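Reader: I would be grateful for a close look at one part of this structure, namely a place where two helices meet. Please explain how they are arranged and which residues are involved.

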Amino acid sequence: MPTPDLIPEWYHYCMALTVRTDAVLEEALTSLAKSEGASRQEIIRRAVIDRYQRAGHRSRVADSTQRMVTRWGDVLERLGAE
């Protein structure tokens, strides 16, 4: 296996990717591509980006929630006790 120093940086951003599929994924990709008028590659790209954005959103919400509980936890406790 080549060492990371031998692989140019650009390779990680613009090289093709092979995706192995099964019958269920093939059917889903074909159906979505047809109904959305997009390529199967575009459907996969959108799905990955959507998942990435959702993961970031969940993390930001969790961080914000933790900050608010730390800051306002005592007030929330008092409000809940009434």
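Author: The following account concerns the meeting of two helices and a pocket that shares some of their residues. The model is predicted, with a mean pLDDT of 86 for the protein chain, and 94% of the residues reach 70 or more. Among the elements of the chain, helix α2, residues 23-36, has the highest mean pLDDT, 95, whereas helix α1, residues 11-14, has the lowest, 72.

The axis of α2 comes within 9 Å of that of helix α3, residues 40-81, and the two cross at roughly 100 degrees. Because angles of 65 to 115 degrees count as roughly perpendicular, α2 and α3 are described in that way. On the side of α2, the contact is made by Glu26, Leu29, Thr30, Leu32, Ala33 and Glu36; α3 contributes Arg40, Ile43, Ile44 and Arg46. Five of these contact residues are nonpolar, one is polar and four are charged.

Arg40 and Ile44 also belong to the lining of the largest pocket, together with Leu17, Val19, Gln41 and Arg45. This lining comprises three nonpolar residues, one polar and two charged, and the volume of the pocket is about 220 Å³.

Notes:
Residues are numbered from 1 along each chain as its sequence is written. This is a predicted model: local features need pLDDT of at least 70, side-chain atom pairs count only at pLDDT 80 or more; totals for chains, interfaces and linings use all residues. Side-chain values use heavy atoms; hydrogens and water are left out. pLDDT is the predictor's confidence in each residue, from 0 to 100. Helices (H or I, at least four residues) and strands (E, at least two) are DSSP runs, numbered from the N terminus. Axes are lines fitted to C-alpha atoms, for helices over the stretch in contact, and angles run from 0 to 180 degrees between N-to-C directions. Angles under 35 degrees count as roughly parallel, over 145 as roughly antiparallel, 65 to 115 as roughly perpendicular and the rest as oblique. Contact means heavy atoms within 4.5 Å. Ala, Val, Leu, Ile, Met, Phe, Trp, Tyr, Cys and Pro count as nonpolar, Asp, Glu, Lys and Arg as charged, and the others, Gly among them, as polar. On a 1 Å grid over the protein atoms alone, a cavity is a set of points where a 1.4 Å probe fits but cannot get out, and a pocket is an open set with protein on both sides within 12 Å along at least five of seven lines; lining residues have an atom within 4 Å of a point. Grid points are joined across faces, edges and corners, and a volume is the space filled by probe spheres set on the points.
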